[in-house]
Amino acid sequence: MKTFSFDATKTNNTALRVGIVCSRFNEFIVQALLDGAHRGLEKCGVDANNVDVAWVPGAYEIPVAARAMALSGRYELLVALGAVIRGDTAHFEYVAGPCADGIARVQLDTGLPIGFAVLTTENIAQATERSGPGAGNKGEEAVIGAIETWHVLQSIRTPK
Ligand code: INI
C-alpha cells in the first residue's frame, strides 16, 4: 500500500513556480490575503523569484485570468485571492458563484491545483477576520493547501 500525504512546509519547494490571481474589488482585504499568501510561500520555501501576481478588476474576472496562467505552462500551481462581500451590491450571488465554479472548472480542466481564497462574507468584519496577520489568514492557508495538493498529484502521477 502506498500513502501519499505531505506537510507542505517540510517539502522541497524552491523550484515551484506559482501564479497568483488577485481581484482589486475590496482591495485592502485582498492585499491582506496576498500578504498572507507571501507568508505561506516563505514558510514552504518557495523562491520569491518564481512567483507572479496578476491583478484583475473583480472576482468575476479571476477564472479567465487563472485559465490563462494555467494554459501558459509556466506554473506548477495557482492561487486565487478575492473578496466578495454581500453588503456591497445586490449581485453577490452573480459574482461569487461563477467565480467559485469557474476556478473549479479551470482546476479540473487543466489539472493544476488552484488554492482558493476568494472570501464570500456577509460583511467587512468577517472578511477582516479571515485576512489578518496571524493564524487564519485564508491566503496563507490557500497557498499551503495548493502546494500540498501539488505534491499529492505528483506522487499519484509518478509514485516513487
Ligand atoms: N467583485 C468582487 O471581487 N467583490 C465584490 O464584492 C463584488 N461586488 O459586490 O459587486 C464584485 N463585483 C465586480 C465583479 O467582480 C466584476 O469585476 C464586474 O462585474 C465587472 O465584470
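Me: How are helices and strands assigned here, and where is alanine 135 found?

Reply: Helices (H or I, at least four residues) and strands (E, at least two) are DSSP runs, numbered from the N terminus. The model is predicted: local features need pLDDT of at least 70, side-chain atom pairs count only at pLDDT 80 or more, and totals for chains, interfaces and linings use all residues. Residues are numbered from 1 along each chain as its sequence is written, and side-chain values use heavy atoms, with hydrogens and water left out. In this model, alanine 135 is found in the loop between α4 (124-129) and α5 (138-157).

Me: Is alanine 135 buried or exposed?

Reply: Buried means under 20% relative accessible area, exposed over 50%, and partly exposed in between (1.4 Å probe, protein chains only). Alanine 135 has a relative accessible area of 85% and is therefore exposed.

Me: Which residues is serine 23 in contact with, leaving aside its neighbours within four places in sequence?

Reply: Contact means heavy atoms within 4.5 Å. Serine 23 lies in strand β1 (residues 18-23), and its contacts include Trp55, Pro57, Gly58, Ala59, Leu81 and Ala83. Serine 23 is buried, because its relative accessible area is 0%.

Me: Which residues come nearest to the ligand?

Reply: A residue is near a molecule or strand if one of its heavy atoms lies within 4 Å of it. Of the 13 residues around the ligand, Ala59, Tyr60, Glu61, Ala83 and Ile85 come nearest. Strand β3 (residues 77-85) gives the most to this shell, with 3 residues.

Me: How are polar contacts to the ligand read, and what lies 3.1 Å from an oxygen atom of the ligand?

Reply: A polar contact is a pair of N or O atoms within 3.5 Å; within protein, one must be able to donate a hydrogen and the other to accept it, and residues adjacent in sequence count only if both atoms are side-chain atoms. A backbone N or O atom of tyrosine 60 lies 3.1 Å from a ligand oxygen, and a backbone N or O atom of isoleucine 85 also lies 3.1 Å from a ligand oxygen.

Me: How many disulfides are there?

Reply: A disulfide is a covalent bond between the sulfur atoms of two cysteines. The rule applied is a pair of cysteine sulfur atoms within 2.5 Å, and the count comes to 0. For cysteine 22, the nearest cysteine sulfur, that of cysteine 99, is 12 Å away. Cysteine 22 is also buried, at 0% relative accessibility. For cysteine 44, the nearest cysteine sulfur is that of cysteine 22, 17 Å away.
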